[in-house]
Amino acid sequence: MSARGGSGPGGSDGSGPGGSGRASASPRRPGPRGSGPVLRGSGPGGSGADRAPARYSSAGPPDPKLEPVRRLMDSPHPVVPPGLTARAAARGGRLLRRRRAARALGWAVLACAAVAFAVWAAVVQPWQPVDRIVPPGRGW
């Protein structure tokens, strides 16, 4: 076993003889221009650290809403009140219990409706043909 935790020559890391790891593979040759990944800071402009991302480009007129948002994001974040996480967890638990109770109540109502329908259908038997003929009404 090597110091880095690998299995040594010919092991599962593929770095030994007969292994198929990248250590023994030939280095990749660069492809045609524009085919590789674009790395931040690369290119003809130098290091690129002083350049803003493309979404902050100054090609168009400045957005009046952008500067206040930047100031807000650069300002120190407010302190979270103590006990807020406990209150949020308790509220989430209450919401979950209410949802679970509402779902159980809904299933219970559905089951009661199914039983009531089955009892009604067994008593009335609406699929049976009507045996008696009602005489037409007189004097209407």
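**Fold, confidence and surface of the predicted chain**

Two helices and zero strands make up the secondary structure of the protein chain, as it appears in this predicted model. Of the 140 residues in the chain, 6% are buried, and the chain exposes about 13,500 Å², to which carbon and sulfur atoms contribute 62%.

The mean pLDDT of the protein chain is 73, with 56% of its residues reaching 70 or more. Over residues 10-16 the pLDDT falls below 50, and this stretch has 13 contacts in the model beyond near neighbours in sequence. Residues 19-26 likewise have pLDDT below 50, and for this stretch six contacts are found in the model beyond near neighbours in sequence.

On the surface, the side chains of V115, F117, V119, W120, V123 and V124 form a nonpolar patch of about 620 Å². Among these residues, W120 lies in helix α2 and has a relative accessible area of 42%, a value that places W120 in the partly exposed class. Because patches are made of residues with over 30% relative accessible area, the 42% computed for W120 is in keeping with the inclusion of W120 in the patch.

The segment that follows α2, the helix spanning 84-124, contains Q125. The backbone of Q125 has a phi near 50°, which is a positive value in a residue other than glycine. With a relative accessible area of 35%, Q125 is partly exposed.

Notes: Residues numbered from 1 in each chain as written. Predicted model: local features only at pLDDT ≥ 70, side-chain atom pairs only at ≥ 80, totals over all residues. Heavy atoms only, no water. Helix = DSSP H or I, 4+ residues; strand = E, 2+ residues; numbered from the N terminus. Buried < 20%, exposed > 50% of the residue type's maximum accessible area, 1.4 Å probe, protein only. Patch = residues over 30% accessible without salt bridge, like charges linked within 9 Å, V, L, I, M, F, W, Y side chains within 5 Å. Areas by Shrake-Rupley, 256 points an atom, 1.4 Å probe, with all protein chains shown as cover. Salt bridge = Lys/Arg side-chain N within 4 Å of Asp/Glu carboxyl O. pLDDT = per-residue confidence, 0-100. Contact = heavy atoms within 4.5 Å.
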